[in-house]
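Colleague: Could you take one part of this structure and walk me through it closely? I'm new to it, so feel free to carry on to whatever surrounds that part.

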Protein chains: 2
Amino acid sequence: MSADWITTLETPFLLIEKHKYLRNIKRLYSRIQALGGEVRPHLKTLRSIEAARYLLKQSDSPATVSTLAEAEAFAAPGYTNLLYAVGIAPHKLPRVAALMAKGVNLHILLDSEPQASAVAEYSRAYGLKFSVFIEVDCDGHRGGLPPHSDALLTLARIIEASGSTLTGLLAHAGESYSCRTDEAILAAARAECAAIKTAGNRLRAQGYACPVLSVGATPTAHFADDLTGINEVRAGVFTTFDLVMKNVGVCRLEDIALSVVATIIGHNREKGWIFIDAGWMALSRDRGTAAQSQDYAYGQVCSLNGDPYENLLVTTTNQEHGIIALPDSSAYAVDDFPVGSRVRILPNHACATAAMHQRYQVLSEDSLGQEVWSRIVGW
Amino acid sequence: MSADWITTLETPFLLIEKHKYLRNIKRLYSRIQALGGEVRPHLKTLRSIEAARYLLKQSDSPATVSTLAEAEAFAAPGYTNLLYAVGIAPHKLPRVAALMAKGVNLHILLDSEPQASAVAEYSRAYGLKFSVFIEVDCDGHRGGLPPHSDALLTLARIIEASGSTLTGLLAHAGESYSCRTDEAILAAARAECAAIKTAGNRLRAQGYACPVLSVGATPTAHFADDLTGINEVRAGVFTTFDLVMKNVGVCRLEDIALSVVATIIGHNREKGWIFIDAGWMALSRDRGTAAQSQDYAYGQVCSLNGDPYENLLVTTTNQEHGIIALPDSSAYAVDDFPVGSRVRILPNHACATAAMHQRYQVLSEDSLGQEVWSRIVGW
């Protein structure tokens, strides 16, 4: 039985089931703590102060953000230990400095000499001590320096010679999202740790303290088996999970805490199509499962209670229309979905779906109450 | 030479070139007026009151919206002739009624008996005279009733018997977005008009006035050659255009009025990758050109002045990272894009890219000044 408000609130809306959200957090935090690490959650999925309260126990609990807008918004209620995990653009340093002036320990990330030189120059010009992470490439996925590169030492020298601090190294096993077996994810997790430790040892051998080694991606965070020498683990989408993560093998369908509630607005009986009022504006254009073992099109259709309808997907989206095309020999008929009734859609990619909403409707732990969480927007 | 503010404003941001925006509007309006029709612009692309001023000359100029949130927002400054062109869900009627009570002529759309009955019931219960459009299917693209269907007459009867008004019919040649030749678009435009006229004639033969025949999609609006008997033409993305429309053949690259300005934040020299601070949060996940004649990946890279770099695309996006992978034998090298420099990205789908931004930065017609337009958000 659904809470009343879920059946009456204007659609489409984004629903978060709090008991699943909290269960997902507990699962990852328990396992990382048992391995001796600390979680530095990536707040980019929901970008919400209300959501972050369940991740950050203290004002100086470590956190990760993807934009300076998030850093500023999370600093406002007092969070002070924020890693801005996108390579710093030189023109953004004044905003970083402004947050530092307010007492925020905002760590920045870089992987090139022009960035390090820009930081050093700003550092000298304004007598500022930036806290810097260097990105290490562990799998060729995106940015970062190879663990054996000479540039690693060059950047460390430029940073520390200017009076700033090389706080640590960051690795992100982005390729782990493409893994298809548990063994492959475990191997990715071990490679992520091995790469960053190699880089860390080389820097420490040259006299750099480089105290923090930070690894993580949601898949590797759930499969790492040895965090010896690793200080912290980053992960983002683990709080809500999604169909991509279900396909990767990190969660079950019933762990997905985020869905979109939509209303049936019509049918095409000849074609076996059901129209809903959630198009890509509500679901996003993300097709993250397209290349995975199970393609969920634009999302898995569920009852309003959250029970998945077998083989029922949002097959097409326009801006404000979604089409659920009944497959041949479906167990369901168009009339099982009368105009005005409601369904829930599990998303391919929770980060992308959440990004389409300014507010999240949260079903409280008693499965009755309603909370509203707000999203931080912009850059 | 770029306006100063474009080189200094925080990135990523969405840029609209006003002279192209106005030129695109003039092009379509002139041609539809010459054909004896009226444009009922679809405001869903930019969802902006500032942007709509150039489309709606009078407070009762016809306009189309895709959500009730837009209807409410456009009603606030006094626009009164709004067609909500998504099939009405019965639970949304009280919001429609509230706008009608404020003097807004808000037309609703439907194509099924349950919807018509819900409207009739509400109409009777509250003594309200809704203005209703019935959707006619002209190409099997999405919703609507076939022009020869009996249901068309049934719905008209239900609507008018309740005291509401069948104001008109709406057809949308959604399949025209898949056309690959001018001849195919012209054929789609003719088919769209033919279908709605067939349906209109059948209703009028039964005594329904059904005064308005409304057709349109950006491709057909630009190719229709005879609007005899057609009252109005809807189109949305024509104001800004995008790479999808360029591929369809409706505009040239240099007509695209909307782009995203991004900063170079790093390189992977071995792979020939250039990183920018615009990921899918700024560009959207839309891959509308993937199945077209020319696949632009996540967007065409241009100089800050807007000149396209040949064969340079945003090949991959993460949430806040874009990757421009230099093709083999590229005319460009990584060092042509130093850290801190800026590029502009033309989008696959302007509606989807605009949806990722709450504000648009507008380059005024003198190519120097800056305006800021706001986006209406939510549902």
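**A helix pair and its surroundings**

Modeller: Let's start with H7(A) and H8(A), which are oblique to each other (under 35 degrees is roughly parallel, over 145 roughly antiparallel, 65 to 115 roughly perpendicular, the rest oblique). This is a predicted model, in which local features need pLDDT of at least 70 and side-chain atom pairs 80 or more, while totals for chains, interfaces and linings use all residues. Residues count from 1 along each chain as its sequence is written, and chains are lettered from A and ligands numbered from 1 in the order written.

Helix H7 of chain A covers residues 150–161, helix H8 of chain A covers 182–205, and they pack at an angle of about 50° with their axes 10 Å apart (helices are DSSP runs of H or I with at least four residues, strands E runs with at least two). On the H7(A) side, the contact is made by Leu152(A), Leu153(A) and Ala156(A); H8(A) brings Ala199(A), Arg202(A) and Leu203(A) (contact puts C-beta atoms, placed from the backbone, within 7 Å). Sorted by class, that makes five nonpolar residues, one charged and no polar ones (Asp, Glu, Lys and Arg are charged; Ala, Val, Leu, Ile, Met, Phe, Trp, Tyr, Cys and Pro nonpolar; the others polar).

Now step back to the whole of chain A. Its domain 1 takes in 4–14 + 251–374, and domain 2 is 42–235. The C-alpha centres of these two domains of chain A lie 35 Å apart. Where they touch, domain 1 of chain A puts in seven residues and domain 2 of chain A also seven. On the domain 1 side, helix H12 (350–354) and strand E18 (370–374) of chain A each supply at least two residues, and H12(A) gives the most, with three. That side of domain 1 of chain A has five nonpolar residues, two polar and no charged.

And then there's chain B. Turn it by 180°, with 0.0 Å of shift along the axis, and chain B superposes on chain A with an RMSD of 0.0 Å. The two copies are thus related as by a two-fold rotation axis. In chain B, Arg285(B) has the C-alpha nearest that axis, 2.5 Å away.

The chains touch through 42 residues of chain B and 42 residues of chain A. Several elements of chain B give two or more residues here, among them strand E4 (81–87) and helix H6 (113–126), but E10(B) has the largest share, five residues. The chain B side that touches chain A divides into 18 polar, 16 nonpolar and eight charged residues. Finally, 100% of the interface residues of chain B are also interface residues in chain A, so the copies meet through the same surface.

Methods: Axes are lines fitted to C-alpha atoms, for helices over the stretch in contact, and angles run from 0 to 180 degrees between N-to-C directions. Two residues are in contact if their C-beta atoms, placed from the backbone, lie within 7 Å. Copies are superposed by least squares on the C-alpha atoms of residues with pLDDT of at least 70 in both. Domain bounds come from an automatic or database domain assignment.
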